[in-house]
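User: I'm new to this one, so could you walk me through it? Let's take a look.

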Amino acid sequence: MMPKTLPDNDGFITVTHKGKKNRKITPQDVFAQPQEPDAKSGVFNKRKFESAVEDIKSSNFFMNFKENLLNILKNFCSNVESDYQVDLLQNVDIICYGLGHFASCVTARYQLAFLILLKDIVLPRTIGIYDPVFSNEEKSVLEDLCLNVLDVNEEAKRTAFSKTIFFMPHCDLPLYNNLLWANWSKEPLSKLILIGNSFQQYLLDRTGKYLKEKAVYVNYASKFVTETKIVNDFKFLDIFNNLSVHCFHINALNEIPFEVWNDNTEPVYDDADEIIKNVS
């Protein structure tokens, strides 16, 4: 059954769902609800993409994010390199997973625009991007934007051998769990920054039993990660909601019992888990 939408005196719309608390959303929020992706019919609209870039770039949301990220990076780089001097952004890589069909989905289009602006902040050596759903047209667009389209489904099992920002907006939980498993020791974790779903919110939304069975590394990491919430005051509230910047400081990592690092069994998922596996 579709939710009821009722106009308010202030022109907002209240969406009611059975058994859930009502909240007011603006007409812009409705616009930002993800559309059903259709790679075959979705055609990339350069004008709309450029408009999305400008929307984000001129927003208080992004200016606040940029300021906070630069502060995080300053602390992060001194955390990684004891001889840290001036260039706090030198030799940083960016990896993006799970963007989705940006040619046909409004949310994915804005998240791609965010990634392009993130590149302007960090000036990375390289940006790698992958989603198994990308169409050939979308891959061509990404290459035109000077992004390196990865050709293998890594399932987010990539180790950070150098300073790396992982941008994983609204990915499914197994991908975050896989990323942590692939970096499950002090040195790689200290080089990793993750922009993605809030770990603390997972603790609230999922049972302890579920996390220990399906996301043991997210469950572990939530105890010693440094998490900074991204203030979600962008005009379309469903695009950047529930996102945080996560990083791991060496002082916290040094306090972790040795046996935690030894408990590093590779995660296994069944068909009911939300992950597209590498079948090659």
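User: Before we start, where does L123 sit?

Analyst: Quick note: this is a predicted model, where local features need pLDDT of at least 70, side-chain atom pairs count only at pLDDT 80 or more, and totals for chains, interfaces and linings use all residues. Residues are numbered from 1 along each chain as its sequence is written, and side-chain values use heavy atoms, with hydrogens and water left out. Helices (H or I, at least four residues) and strands (E, at least two) are DSSP runs numbered from the N terminus. L123 sits in the loop between α4 (106-122) and β5 (127-130).

User: Is L123 buried or exposed?

Analyst: Buried means under 20% relative accessible area, exposed over 50%, and partly exposed in between (1.4 Å probe, protein chains only). Because its relative accessibility is 64%, L123 counts as exposed.

User: And what is the phi of L123?

Analyst: L123 is a residue other than glycine, yet its phi is positive. The value for L123 is near 50°.

User: Why does C146 count as exposed?

Analyst: C146 lies in the loop between α5 (136-144) and β6 (148-149). C146 isn't a glycine either, but has a positive phi of about 65°. C146 counts as exposed because its relative accessibility is 63%.

User: Zooming out, what share of the protein's residues count as buried?

Analyst: The protein's secondary structure comes to twelve helices and ten strands. Of its 280 residues, the share that count as buried is 47%.
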